[in-house]
There are 2 protein chains.
Amino acid sequence: MKVKASRAPLSRERVLVAAAALADAEGVQALTMRRLAAELGVEAMSLYYHLPGKESLLDGLVEHVLGEIGAAVSRLDATANGQDWRAQLRQRFLAAREVMLHHPWAPGLIGTRSAVPAGVYTYYDGILDTMLGAGFSYRIAHRALHAFGSLPLGFAQEVFSPTSAGGSLDAQTGEAEIAEMANHLPHLAAMVAAEIHNLADPTLGWCDSQTEFEFTLDLLLDGLERLRG
Amino acid sequence: MKVKASRAPLSRERVLVAAAALADAEGVQALTMRRLAAELGVEAMSLYYHLPGKESLLDGLVEHVLGEIGAAVSRLDATANGQDWRAQLRQRFLAAREVMLHHPWAPGLIGTRSAVPAGVYTYYDGILDTMLGAGFSYRIAHRALHAFGSLPLGFAQEVFSPTSAGGSLDAQTGEAEIAEMANHLPHLAAMVAAEIHNLADPTLGWCDSQTEFEFTLDLLLDGLERLRG
DNA sequence: ACCTGAACACCGTTCAAGT
DNA sequence: ACCTGAACACCGTTCAAGT
């Protein structure tokens, strides 16, 4: 894992790339200033020459992911014009999801930032462009942005087990546990029994499979379509 | 803030109550084992007699909040039977929101738990009871649970500024900043200008006002109603 | 300009020891 | 049964100092 041959001097960019790689490989909790420095073959204090501190490192990581999303979205824009507004937003959100699938630590990290990263504003401005062009009022467009929640960034922000050990209600749930569950949680037990095959794809968080993501997305898009001015 | 007169011996419950009070008063980042112990007039190591460790303390806090929601919801159930399924879920989610408004640290904390708290299962079983009674299939009911996201627990999980300093896009946004913004974010700037009055109620996170919450909720409920079997 | 050593003020946690 | 002191292995960060 340690790359000793790196004698190009450190830079903000190199630090961020190494940090993303470390988070991808070992999770965000392994991302400490000391550990990251060791990964770069350097002392922890050296990082402070390139970044003001740890918060700024995490902000940088978030912007890094947002940059990937921005790139993926603008690759889309070439072909997307003239389509239905729903199809345009749909493929943008799904492109963002592709990026997020490669950085499972990103959703959790985004939730901890105190300021809105700059890249988000430009991205949201693009969403508004599409919606206003389709005839939505500012009021509905504004509410739509809130209603979308985290979908524009490609993840359904599940309440529990954001990226970690995975709740007990997954595909591994055994027959015995379901039987025990049936006593005090009858409906949930019956639903798990009926839906057990849907739980086999733990990509981003608890049951956030592609199917669930698209269902929620279309539910919102279709609902908004009926409110279009 | 320090209560010295407490000579009743510590207990798990007293520790949790003190922890919730500390988080309410100074935020979750002030909640360290050492600080909490000091608040209880005791040494940090004493806490380990009542709790296995910090993670378990945080789990306990989450269950504490879920307990409040459960109590509020069962107070509702007496009067709610016989109503439309949407009205039933609606008042449950709004009751949960009341609880969350008193514990602004709870949404963020819930996001960091690795296992699904037990109280959630019973709560979700109740939601299923309502939906199945209204004629929904297991499949749609399952997808509905995912689509709801964090709404059942009373908060719209906004992507940024969960409970902290508040993004720059709030009611304090000045005329000059909006003018500057208009250059590269034309739609966003126009929307803020048109909607500035809606941004004055920072309750849970960025723009998560009662109005936004209910808009999203009804959008989902009405969308699901059309899929009812 | 770029990196480092030593030190500071914190963490959570273990463990043997006190009463 | 309940609490503590001392110690360990970590954090992020400052600052004066090295090259």
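I take a polar contact to be a pair of N or O atoms within 3.5 Å, and with that cut-off in hand I went through this predicted model, beginning with the two DNA strands and ending with a pair of helices in chain B.

**Entry 1, DNA strand D.** I looked up Arg34(A) and found one of its polar side-chain atoms 2.3 Å from a base nitrogen of DNA strand D. I then turned to the backbone of the protein, where a polar atom of Lys54(A) lies 2.8 Å from a phosphate oxygen of this strand, and where a polar backbone atom of Leu10(B) is 3.4 Å from a phosphate oxygen of DNA strand D. Listing the surroundings, I noted 16 residues around DNA strand D, with Arg34(A), Lys54(A), Glu43(B), Ser46(B) and His50(B) as the closest. Sorted by class, the surface near this strand holds eight nonpolar, four polar and four charged residues. I also asked myself what share of the atoms of DNA strand D within 4 Å of the protein belongs to sugar or phosphate. The share is 55%, and the rest of those atoms belong to bases.

**Entry 2, DNA strand C.** I repeated the search for DNA strand C, which has 16 residues around it, and recorded Glu43(A), Ser46(A), His50(A), Arg34(B) and Lys54(B) as the nearest. Of the atoms of DNA strand C that come within 4 Å of the protein, sugar and phosphate make up 54%. For the backbone of chain A, I wrote down a polar atom of Glu43(A) at 2.9 Å from a phosphate oxygen of DNA strand C, and a backbone N or O atom of Leu10(A) at 3.4 Å from a phosphate oxygen of that strand. From chain B, a backbone N or O atom of Lys54(B) lies 2.8 Å from a phosphate oxygen of DNA strand C. The class count for the surface near DNA strand C came out as eight nonpolar, four polar and four charged residues.

**Entry 3, two helices of chain B.** I next checked helix α7 (residues 138–148) and helix α10 (residues 210–225) of chain B, whose axes come within 11 Å and cross at roughly 165°. Because angles over 145 degrees count as roughly antiparallel, I entered α7(B) as roughly antiparallel to α10(B). The crossing of α7(B) and α10(B) is right-handed. Which residues make the contact? On α7(B) they are Ile140(B), Ala144(B), Ala147(B) and Phe148(B), and on α10(B) they are Leu220(B), Leu221(B) and Leu224(B). By class, I counted seven nonpolar residues in the contact of α7(B) with α10(B), with no polar and no charged ones.

Methods. Residues numbered from 1 in each chain as written. Chains lettered and ligands numbered in written order. Predicted model: local features only at pLDDT ≥ 70, side-chain atom pairs only at ≥ 80, totals over all residues. Heavy atoms only, no water. Near = heavy atom within 4 Å. Polar contact = N/O pair within 3.5 Å; in protein donor to acceptor, adjacent residues only side chain to side chain. Nonpolar A, V, L, I, M, F, W, Y, C, P; charged D, E, K, R; others polar. Axes fitted to C-alpha atoms, helices over the stretch in contact; angles between N-to-C directions. Helix = DSSP H or I, 4+ residues; strand = E, 2+ residues; numbered from the N terminus. Parallel < 35°, antiparallel > 145°, perpendicular 65-115°, else oblique. Left-handed = near helix turned anticlockwise from the far one by under 90°. Contact = heavy atoms within 4.5 Å.
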